[in-house]
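Me: Please give a close account of a single part of this model, chosen so that pairing, charge and surface can be discussed together. I should like the whole chain to serve as the background, and other sites to be brought in where they help the comparison.

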Amino acid sequence: MAESLERLNEALEHIESRLDERFEVTELARIAMTSEYHFRRLFSALAGLPLSEYVRRRRLTVAGAEVLAGERTLLEIAVRYGYGSGEAFARAFRAMHGVGPGEARRTGAILTAQPRLSFRLVVEGNSSMRYRIVEKEAFRVVGRRIRVRLVHEGVNPEIARFIRGIDQETLRRVGALSDQEPKGIVGVSDNLDPSRAEGTELDYYHGVVTGSATPEDLDGLTVPAGTWAVFENSGPFPLALQHLWRDVFTQWFPSNPYRSRPGPEILRTQLSPDATEADAELWIPVEQGPPS
């Protein structure tokens, strides 16, 4: 795990050395010895904000220092940090600092800074994660689908309303199609934005995993064969479920020879009678990563 974090920190140094240049995420993924897809997700989980947002805020932080220093024109600074016009730079600058660059230079305003990040290993508690690795043939997800916004904390109100709106007869028909793991009605998230930022959109399916064909009046998703990491936990609903995803990316992936791959995430939840506690099983598509 320490070696994985060291490589991530080397990628952060690469960002710092190129704040005034264009660079590709593939460069960072290569330094971290992982895929671009996994690098974006791992960064977001560890940093608490998307990679693109971190880079934007770091650029505006150092640009703010140059605005106050007064050694370059505002247009020179705008171009230096990747903005095509002074107007675009001024909008972004104001959104972060609460003041325009011209006013900041004239008044010596107090600006907002995005500190440089570095990742380090912190050992907390003595709890263990329950997981298994499953090789699974191609299958379908069959049920009802909706496009919703991502919510990191608390119940997702769009998903809650959507589930309440599915009639019992439809749920019975869908449930009868379940013929393989994970069994029963599941929640499936697909087509998530790589940043995993709050408010970005995803496809949510309320349905089952099956080998059966999709009935004409239901929605279906075909999932190719592959490897899955399956995690289990129990705790308060919905917080424990959302923390499970976080812990998978901040604790399990950095210390295991796997990385995430594109594909849907599947969550099977069993609620307590009062719906305050839940037993959860989370399926994440994975592949073997490069050797440490």
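Reply: The protein exposes about 15100 Å² of accessible area, and carbon and sulfur atoms supply 50% of that area. The model is predicted. Of its 292 residues, 46% count as buried. The C-alpha atoms fill a box of roughly 70 × 45 × 35 Å along the principal axes, and the chain has 10 helices and nine strands. Among contacts with a separation of 6 or more, 73% are between residues 24 or more positions apart.

The part chosen here is strand E8, residues 265–271. Strand E8 runs antiparallel to strand E3 (residues 186–190), to which three bridges join it. Within this pairing, Ser189 stands opposite Glu265 of E8. Strand E8 also pairs with strand E9 (residues 277–288), again in the antiparallel sense, over six bridges. One point of that pairing is Arg268, whose bridge partner in E9 is Glu281. The hairpin of E8 and E9 has five residues between the strands, and Ala275 there takes a positive phi near 60°.

Glu265 also takes part in a side-chain pairing. Side chains of opposite charge can pair when their charged atoms come close. The side chains of Glu265 and Arg41 meet in a salt bridge, with an N to O distance of 2.3 Å. This pair links distant parts of the chain, since Glu265 belongs to strand E8 and Arg41 to helix H3, 224 residues apart. Both Glu265 and Arg41 are buried.

Helix H3 also offers a local counterpart. Arg40 forms a salt bridge with Glu36, the closest N and O atoms being 3.3 Å apart. Arg40 and Glu36 are separated by about one helical turn because they lie four residues apart in helix H3 (residues 36–47). Arg40 counts as partly exposed because its relative accessibility is 23%, and Glu36 is likewise partly exposed, at 32%.

The structure holds 20 salt bridges. Another of them joins Arg149 to Glu158, with the closest N and O atoms 3.5 Å apart. Its members fall into separate classes: Arg149 is partly exposed at 44% relative accessibility, whereas Glu158 counts as buried at 18%. Elsewhere, salt bridges that share partners join Glu13, Glu16, Arg58 and Arg116 into one network.

Glu27, in helix H2 (residues 25–32), provides a contrast. Glu27 is buried yet has no salt bridge, and Arg18, the nearest side chain of opposite charge, is 4.3 Å away. The separation of 4.3 Å does not qualify because a salt bridge requires a nitrogen within 4 Å of a carboxyl oxygen. Glu27 does touch His14 and Arg18, leaving aside residues up to four places away in sequence.

Returning to strand E8, one may turn to Leu271. Leu271 is partly exposed, with a relative accessible area of 42%. Together with Val155 and Phe237, Leu271 forms a nonpolar surface patch with about 250 Å² of accessible area. Leu271 meets the accessibility condition for patch membership because 42% is over the 30% limit. Strand E8 thus includes both a buried charged residue, Glu265, and a partly exposed nonpolar one, Leu271.

Note on methods
Residues numbered from 1 in each chain as written. Predicted model: local features only at pLDDT ≥ 70, side-chain atom pairs only at ≥ 80, totals over all residues. Heavy atoms only, no water. Pairing = 2+ DSSP bridges. Helix = DSSP H or I, 4+ residues; strand = E, 2+ residues; numbered from the N terminus. Patch = residues over 30% accessible without salt bridge, like charges linked within 9 Å, V, L, I, M, F, W, Y side chains within 5 Å. Areas by Shrake-Rupley, 256 points an atom, 1.4 Å probe, with all protein chains shown as cover. Buried < 20%, exposed > 50% of the residue type's maximum accessible area, 1.4 Å probe, protein only. Contact = heavy atoms within 4.5 Å. Lys, Arg positive; Asp, Glu negative; His and termini not counted.
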